[in-house]
Amino acid sequence: MNNNSKGISQDFLKLSIQVSLNGLSFCILDTLKGAVLLSERKTFDISLTPYQLLKEIKELFNGHSISQKKFSEVIVIHQNNLYGLVPKPLFNPEELPNYIKFNTKILASDHIVFDEITSYDMVNVYVPFVNINNYIYELFGEFIFKHVGTVLIESLLKSHTNGKNPVCYVHVSEKIMDIVVVSQKKLVLYNSFSFDTKEDFLYYLLFTLEQLDLDTESVILRLFGSIEEDDEIYTLCYEYIKQISIFVPSGGSHPFIDAESENIDFAVLNSL
């Protein structure tokens, strides 16, 4: 089990799973037909423990008989705030705890790994949910796992078009906002915050823009994920940032995307 290995099955189904303490989602892609066979998203009223999260995954898998299926590739996306970005020239794999110990709480027993974002000369150091990885390995053998930040950064930088003004992308999920700021096809910032209210959301957004010295009159704000134009968050943000819109991402590298796929999590879809 590692975060760079692929399964060896010759079947044509791919499975992508995203796990967080606030929710989980999955998608099964038929690569021959170019169609989504099955997908589901589940949110939790309160933040779970990793142990409770594993129970939820087992129930979900049992309900859809996922453990009985064969997959050519299985991908697990970990969504948490136990991460840190490191420029590739400064990265040393022997120093993993030192990259995240100052901005997140880690234990001596935590298993720390990293994703290389090779096209952009960065490394994402993070703590995965080890119990989830162990369970997936027991079911399917070798699989790929990544941090959600890796998927967001790679996908948004790849799809971003050059423009004069910086763009602030905010991916909204279950009480979590992932902020990716891009300017001239370069990553300016990636950060994530937990929020409970729309006021929390606005505070973290404006705080981020202020720290980057970005003018709310000129910055372009693109919201996506679990949000629409009639949401309270969108309405509140519009009072402060006029160049705001709902971002409709492409479906990654697959041409199968249709209206049904709009309900599938961005990271889940773009990891396939």
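Which residues does L15 touch, not counting those up to four places away in sequence? Keep that in mind as you open the viewer. The model is predicted.

**Stop 1: the largest core**

Select L15 and show its surroundings. L15 touches F26, C27, I28, I66, F71, E73, V74, I75, F140 and L272, leaving aside residues up to four places away in sequence. Now widen the selection. L15 belongs to the largest nonpolar core, which has 49 residues. Together with I17 and I136, L15 touches the most other members of that core. Next, colour helix 4, residues 148–159. Helix 4 supplies the largest share of this core, 6 residues. The general background is familiar. In soluble globular proteins, nonpolar side chains tend to be buried together.

There is a second core to find, separate from the first. This one has 24 residues, including L202, I227, Y234 and C237.

**Stop 2: I246**

Go to strand 13, residues 244–246, and pick I246. Is I246 buried or partly exposed? I246 has a relative accessible area of 26%, so it counts as partly exposed. The cut-off for buried is under 20%. Show the contacts of I246. Leaving out residues up to four places away in sequence, they are L223, I227, E228, E229 and Y234. Two names come back here: I227 and Y234 are both in the second core.

Draw a distance from I246 to I136. The C-alpha atoms are 34 Å apart, and the two residues are 110 apart in sequence.

**Stop 3: aromatic pairs**

Switch to the rings. The whole structure holds 13 aromatic pairs. Start with F61 and Y135. Their ring centres lie 6.1 Å apart and their planes stand at 35 degrees, so this pair is tilted. Follow the backbone from each ring. F61 sits in helix 1, residues 50–64, and Y135 in helix 3, residues 130–140. The pair links distant parts of the chain, 74 residues apart. Both F61 and Y135 are buried.

Now select F195 and F201. How many degrees lie between the planes of this pair? The angle is 80 degrees, with 5.3 Å from centre to centre, and the pair is edge-to-face. Check the exposure of each ring residue. F195 is buried at 8% relative accessible area. F201 is buried too, at 0%.

Select Y169, F224, F247 and F266 together. Ring pairs link these four residues into a cluster.

One more ring deserves a click. K242 lies over the face of Y238, 4.5 Å from the ring centre.

**Stop 4: two positive phi values**

Select K175. It lies in the loop between strand 9 (167–173) and strand 10 (176–183). Its phi is near 60 degrees, a positive value in a residue other than glycine. K175 is partly exposed, at 38% relative accessibility.

Continue along strand 10 to its far loop. Q184 is in the loop between strand 10 and strand 11 (186–194). Q184 is not a glycine, yet its phi is positive, about 55 degrees. At 43% relative accessibility, Q184 also counts as partly exposed.

Show the backbone on both sides of this turn. Strand 10 and strand 11 form a hairpin with 2 residues between them, and Q184 is in the turn. The two strands pair in the antiparallel sense over 8 bridges. S183 stands opposite K186 in strand 11.

**Stop 5: the open sheet**

Last, colour strands 5, 6 and 7. In what order do the strands of this open sheet run? The order is 5-7-6, with antiparallel pairing across the 3 strands. Strand 5 (83–87) and strand 6 (113–117) stand at the edges. Each has a single partner strand, so one side of each is left without a neighbour in the sheet. The twist averages 25 degrees from one strand to the next.

Look along strand 5 and strand 7, residues 122–126. They pair in the antiparallel sense over 5 bridges. Y83 stands opposite Y126 in strand 7.

Finally, bring helix 4 back into view. Helix 4 packs on this sheet, touching strand 5, strand 6 and strand 7. Its direction makes about 5 degrees with that of strand 6. The tour thus closes on the helix that gave the largest core its largest share of residues.

How values were computed
Residues numbered from 1 in each chain as written. Predicted model: local features only at pLDDT ≥ 70, side-chain atom pairs only at ≥ 80, totals over all residues. Heavy atoms only, no water. Core = buried A, V, L, I, M, F, W, Y, C linked by side-chain atoms within 4.5 Å. Buried < 20%, exposed > 50% of the residue type's maximum accessible area, 1.4 Å probe, protein only. Helix = DSSP H or I, 4+ residues; strand = E, 2+ residues; numbered from the N terminus. Contact = heavy atoms within 4.5 Å. Phe/Tyr/Trp six-rings, centres within 6.5 Å; stacked < 30°, edge-to-face > 60°. Lys NZ or Arg CZ within 6 Å of the ring centre and 35° of its normal. Pairing = 2+ DSSP bridges. Axes fitted to C-alpha atoms, helices over the stretch in contact; angles between N-to-C directions.
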